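Thanks for coming. I have one structure to go through today, and the topic is how its parts sit against each other. Here it is.

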Amino acid sequence: MSGPEADWVTGWVPEALPDAVYRSHLVEAAPGRAIFRLPVGRFLLAPDAPAVVETAAGASDKDIACMLRGPVGALRSSLGGRFALRASAVEVGRRALVVCGSTFGVSTLVASLALRGHRLLADGVVVVSGTPPMVSALPEAGQPRVTLWPDSAAHLGLDLDQGQVLRPGVGSRLFALGPGGTPAEIGLGWVVSLAVDHKSEHPDQATSHPFAAVSQRVATLVGHQWHAEVVAALGLQAEQFNWAVTIGSAPMFRLLRSTGSIGLTLPPLAERAEELAV
Amino acid sequence: MARTVWLASYPKSGNTWLRAVHEAVVTGSEPDINDLGHNHIAAARWAFDVNLGLRSSDMTREELDLLRPWADAVLAERAGTDIWRKAHDAFSLGPTGEPVIGTSTARIALYVVRDPRDVAVSLAHHAGQTMSWAVRAMCDPDWTVSTGSQVLGPQLPQRFGTWSEHVLSWTKQEWLPVHVVRYEDCVARPVETFRRALAAAGLRASQEDVALAVERCSWQRLRRQEEESGFRERTAEGTYFFRRGQVGAWQEELPVPLAEQLVEHHGPVMAGLGYLEPGGDWSPATLIAGA
């Protein structure tokens, strides 16, 4: 049986990989294949084959698809040498503006940009590959949609009922926002790292700073890479480093938001992000 | 191998003060209150996501409770030295009967406890709520924060439960050793109390070093830092995280009926901790007997 939204089949998945070079509580990886153990099921992954999923009792197709659009898909992509960032992206002037961050608000900011007329490219997992670097969504992601929680949807003026339930038991919804059109691989334009300014007392202001040193850019990008440790254990450190350096050649900024409500911060954040993407 | 030292407490019980003193001892300087040891609170969403390579926002509450100890284990395994992490959760078991707080790589829990009447006053100011709200929360067995059905916050769901339940959940559990630190003893005998707590967690420090750390973490100094630089853990506008810190402030600020309500709900545990008589003493035995 194939999954309704993603490229997967149900089947038996081994508990472990005998030749694994990386083992953690959740992941075992050997060159070219990996097992991802999650509460919704066990996934056997290879770069160019459908994921094999042994679903857990009670897990739904939505549960499986959700994981494949996120961390599981990111790992499968990495096994094939196409590394991915924990980030979201929109198209600005035919180039990709990638937003990552160690704070919540990334998806909300990207949704805000989509509502301002920028085409949504990806949410949660952004694949960056090639030289010059090109940006795309995971193939499993299908039509680009952004995941929003009810409070963010309200801040953006969206009707929660218009969103699709992500998976049972989770409050967030999926929204297709902004201009439509077939998602394509497009050139990387800018990288923005969203962070919180704890000293800011002005919730209606956003500030930005360029990353001065390449080493700082590389460290930040690897810090936002999905499954960086697995990639390193598979002997792909050189590729990983080159990948980060290539992305780091694009303009990169730290965008600071206040600790206040994301609703107050959103308009200046979106405006500042647009100003950076010139 | 590096281990986790859990600094556990009900909210507003002195946890941050202990973290600051630990940081001052380790670094030999006045700690930056916004950068206490770089280690995440037990329920930090970002720590969960990064250490497991997952998106906590896509997980159900049950899945989070199941996976959190794995994230704690990964964080400890990756650390070069012991990591000291704050926890406000009650000690509880997840869907498979394993603790939600990671114990497999934990060294000890330092459990900080404070007179619940002072906690109520501090909690009300911290949350920007009324004293009645604080007392009601502290008597609610289901009190849970960051439940996240409508809002995605920086922390994962944490169940506190009642004040008594919280105290007993940590002090009676048998998954890891626990050393109880009374806030009132930290105020009355700071050097001795902090030094014993640090030693219990395997950190030997001289009396002079601890005395210097205590001086560097005086309430006035921490408050001044907050005034000058803000504090990321402050939640309510118009108040300070390091607000007063005084033992017995409840006698001036907490209405008598609310104080009585707390004694009615938590009397046995308060008695076991020596909180029902002026200058009352306690021991692990009296705590267990009181409960």
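A word on terms before the split itself: the domain bounds I use come from an automatic or database domain assignment. On that basis, chain A has domain 1, residues 8–79, and domain 2, residues 83–276. Keep in mind that this is a predicted model.

Taken over C-alpha atoms, the centres of domain 1 and domain 2 of chain A are 25 Å apart. How many residues are in contact between the two domains of chain A? On the domain 1 side there are 24, and they touch 22 residues of domain 2.

Next, area. Domain 1 and domain 2 of chain A bury about 1,800 Å² between them, and carbon and sulfur atoms give 65% of that. Of the area that domain 1 buries against domain 2 in chain A, 34% is supplied by Lys62(A), Arg69(A) and Ser78(A), more than by any other three residues.

Now the polar side. The rule finds two salt bridges across this interface of chain A. Arg167(A) and Asp63(A) form a salt bridge through their side chains, at 2.7 Å from N to O. Polar contacts between domain 1 and domain 2 of chain A come to three residue pairs, with both residues at pLDDT 80 or more.

Which elements of domain 1 give two or more residues to the side that touches domain 2 of chain A? They are β3 (27–30), α1 (61–69) and α2 (71–79) of chain A. The largest share, eight residues, comes from α2(A). By class, that side of domain 1 of chain A has 15 nonpolar, five polar and four charged residues.

Terms used
Residues are numbered from 1 along each chain as its sequence is written. Chains are lettered from A and ligands numbered from 1 in the order in which they are written. This is a predicted model: local features need pLDDT of at least 70, side-chain atom pairs count only at pLDDT 80 or more; totals for chains, interfaces and linings use all residues. Side-chain values use heavy atoms; hydrogens and water are left out. Contact means heavy atoms within 4.5 Å. Buried area is the accessible area (1.4 Å probe) that two parts lose on being put together, summed over both. A salt bridge is a side-chain nitrogen of Lys or Arg within 4 Å of a carboxyl oxygen of Asp or Glu. A polar contact is a pair of N or O atoms within 3.5 Å; within protein, one must be able to donate a hydrogen and the other to accept it, and residues adjacent in sequence count only if both atoms are side-chain atoms. Helices (H or I, at least four residues) and strands (E, at least two) are DSSP runs, numbered from the N terminus. Ala, Val, Leu, Ile, Met, Phe, Trp, Tyr, Cys and Pro count as nonpolar, Asp, Glu, Lys and Arg as charged, and the others, Gly among them, as polar.
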